[in-house]
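Colleague: I would like to go through this model with you slowly, and ask at each step how a term was earned.

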Amino acid sequence: MASHYEAPIRRPLVTGEKSYHDVSVDVAAPVEGKANKSWWIVFGISLAAFLWGIGCIIYTISTGIGTWGLNKTVGWAWDITNFVWWVGIGHAGTLISAVLLLFRQKWRMAINRSAEAMTIFSVVQAGLFPIIHMGRPWLGYWVLPIPNQFGSLWVNFNSPLLWDVFAISTYLSVSLVFWWTGLLPDFAMIRDRAVRPFQKKIYSLLSFGWSGRAKDWQRFEEVSLVLAGLATPLVLSVHTIVSFDFATSVIPGWHTTIFPPYFVAGAIFSGFAMVNTLLIIMRKVCSLEDYITVQHIELMNIVIMITGSIVGVAYITELFIAWYSGVEYEQYAFLNRATGPYAWAYWMMMSCNVFSPQFMWFKKLRTSIMFSFFISIVVNVGMWFERFVIIVTSLHRDYLPSSWTMFSPTFVDIGIFIGTIGFFFVLFLLYSRTFPVIAQAEVKTILKSSGERYKNIRERGDSLVGTGADERTSGDTSSVVTSRSVENTTDNSAKVNDLLGSIGAFDAVTQTADDLKKINGIGPKMEEVLNSIGIYTYVQVSKMTKREYDLLDSITGSFPGRAERDDWSGQAKNLIN
């Protein structure tokens, strides 16, 4: 009988035979390479939507809020609906980053970066609507408690609308710092791989002097935990305060104490759905299937299923409390939602938010990429309708039937909303081309415990000692690199002849070999490799262009891209001069 029980090895979170070097190359590829056709098509559509939205905003500000479909009865409509919807989407980023970090959940590490970026960009969209709703945004400083032309004008600190300002600005600030802190090791990685001096300079500034020392990592861990501790209460507080915009009023359908937990669950629900939507697109466009795996999608679907069920319970509780209260106005508000002129929106909300997530109980469906993508879009549509139902159907029929009215959005309402969606995707697509979309440093920390390569080694019963060394980058295995490189020169004699034909052959009788180790990036072993090929002088190295760099990589098979990144040719020219 075994003296102890060893848990079975879980499914790997990083698939493929990935080494540490492979992670760096794969994560840097979208930043270093050129955008593909799909990226340009999506970016073009997003930019067109954004420009349309800009036009509608300019028209609104120049003409007035009367361009919207608002009226005396429905004073809040699409603008506040969109505001609450965007704030809700921003919830999942902080949840994945902060809460799951504190609970040491490894599966967050491949998806947290994009979720954090989504938080920043969605909160930016949310902030646009209150500013536009002012009608005269250039007078926005009137709402600030500062001396102005009206003398001692102070804002109403008793208003939950003002609480919104503080909550969301704090949420944005902490989320932005948390996001940027996590990016520092990745910026440094891009900096070290950069070929162009301008790119190297930019990423040097962005990385804040990150050097990878033990002290840097110690401070990184400490700051990350402190920020996670600050951000976790924000997950609960931000949407709780947004719900107070409604719950503290006396309007039937709004005046209910269930709104805070109900809004928080709904925000996590819609936020995870949007993360799912974006990551399913990103894993395909950026070829990150080995890092954003089906397991990640399945785990997010489970969260969507749980939070969707909580939202469904909240709907039922609302209906029960309205009936139990005995208040006829409250009862009518909910009856009007389900059977009135906006019943189509109510049942759309119920179908998308309560019924559709229940499909995730079936493993076959929650592990299907296309079905997950479809459900994530359905959920976000349903959550938008939820906000629309809460706001519009509670307002359009109040206590006096003589003031009842219907709300219909104008092309300006629709245009501004579509414009914010376009703006969001423009920001996200630009982010994917300039920032690493996966936290490569964090993924590397779980590679030995959760990578498929190491899982296979453990299952074979082999030792993990020495398996972290990559023969392309490890000095300890440079002899392997040298021998393999020499073998490659024999097998690739045509490539060697092509390379030497471009940069010139070395004549031992008339020429003297240079000390190639003076070139940054060439050590003793790499000098041996170059000599075995026939490269001995600075003149030969100075003639290298991208074509020769690629030939050299294909011949040696070691340190791919190193010569180009370190600009061996430029260094050789300086040494000649």
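Colleague: What makes α6 stand out in the lining of the largest pocket?

Modeller: In this predicted model, α6 gives the most to that lining, with eight residues. The elements that give two or more residues to the lining of the largest pocket are α3 (78–89), α5 (112–133) and α6. The pocket holds about 990 Å³ of space, and among its 32 lining residues Pro130, Met134, Val143, Leu161 and Val165 lie nearest its centre.

Colleague: How do the residues of that lining divide by class?

Modeller: The lining of the largest pocket has 23 nonpolar, six polar and three charged residues.

Colleague: α6 also packs against another helix, so why are α4 and α6 called oblique to each other?

Modeller: Helix α4 (residues 91–102) and helix α6 (residues 160–193) pack at an angle of about 60 degrees, and their axes are 11 Å apart. Angles under 35 degrees count as roughly parallel, over 145 as roughly antiparallel and 65 to 115 as roughly perpendicular, with the rest called oblique. The angle of about 60 degrees falls in none of those three ranges, and α4 and α6 are therefore oblique to each other. Their crossing is left-handed.

Colleague: Which residues meet where α4 and α6 touch?

Modeller: On the α4 side there are His91, Thr94, Ser97, Ala98 and Leu101, and they meet Tyr171, Ser175 and Phe178 in α6. By class, this contact divides into four nonpolar, four polar and no charged residues.

Colleague: Why are α8 and α9 called oblique as well?

Modeller: The axes of helix α8 (residues 214–247) and helix α9 (residues 259–285) come within 8 Å and cross at roughly 125 degrees. Roughly perpendicular covers 65 to 115 degrees and roughly antiparallel begins over 145, and with a crossing at roughly 125 degrees α8 and α9 are therefore oblique to each other. This crossing is right-handed. The contact is made on the α8 side by residues including Val235, Leu236, His239 and Phe246, and on the α9 side by Phe259, Pro260, Phe263, Val264 and Ala267. The residues of this contact divide into eleven nonpolar, three polar and no charged.

Colleague: What makes α9 and α10 roughly antiparallel to each other?

Modeller: α9 and α10 pack at an angle of about 155 degrees, with their axes 9 Å apart. The cut-off for roughly antiparallel is over 145 degrees, and α9 and α10 are therefore roughly antiparallel to each other. α9 passes α10 in a left-handed crossing, and the contact of the two helices divides into 19 nonpolar, five polar and two charged residues.

Colleague: Turning to the enclosed spaces, how many cavities of 30 Å³ or more are there?

Modeller: The count comes to five cavities of 30 Å³ or more, and the largest cavity has a volume of about 70 Å³. Its lining is made by Tyr262, Tyr315, Glu318, Leu319, Phe334, Arg337, Tyr346, Met349, Val389 and Ile390. Two or more residues of that lining come from each of α10 (294–325), α11 (328–339), α12 (343–355) and α14 (369–395), and α10 gives the most, with three residues.

Colleague: How do you know which residues of that cavity lining are charged?

Modeller: Asp, Glu, Lys and Arg count as charged, and the lining includes Glu318 and Arg337. The division is accordingly eight nonpolar, no polar and two charged residues.

Conventions:
Residues are numbered from 1 along each chain as its sequence is written. This is a predicted model: local features need pLDDT of at least 70, side-chain atom pairs count only at pLDDT 80 or more; totals for chains, interfaces and linings use all residues. Side-chain values use heavy atoms; hydrogens and water are left out. On a 1 Å grid over the protein atoms alone, a cavity is a set of points where a 1.4 Å probe fits but cannot get out, and a pocket is an open set with protein on both sides within 12 Å along at least five of seven lines; lining residues have an atom within 4 Å of a point. Grid points are joined across faces, edges and corners, and a volume is the space filled by probe spheres set on the points. Helices (H or I, at least four residues) and strands (E, at least two) are DSSP runs, numbered from the N terminus. Axes are lines fitted to C-alpha atoms, for helices over the stretch in contact, and angles run from 0 to 180 degrees between N-to-C directions. A crossing is left-handed if the near helix is turned anticlockwise from the far one by less than a right angle, and right-handed if clockwise. Contact means heavy atoms within 4.5 Å.
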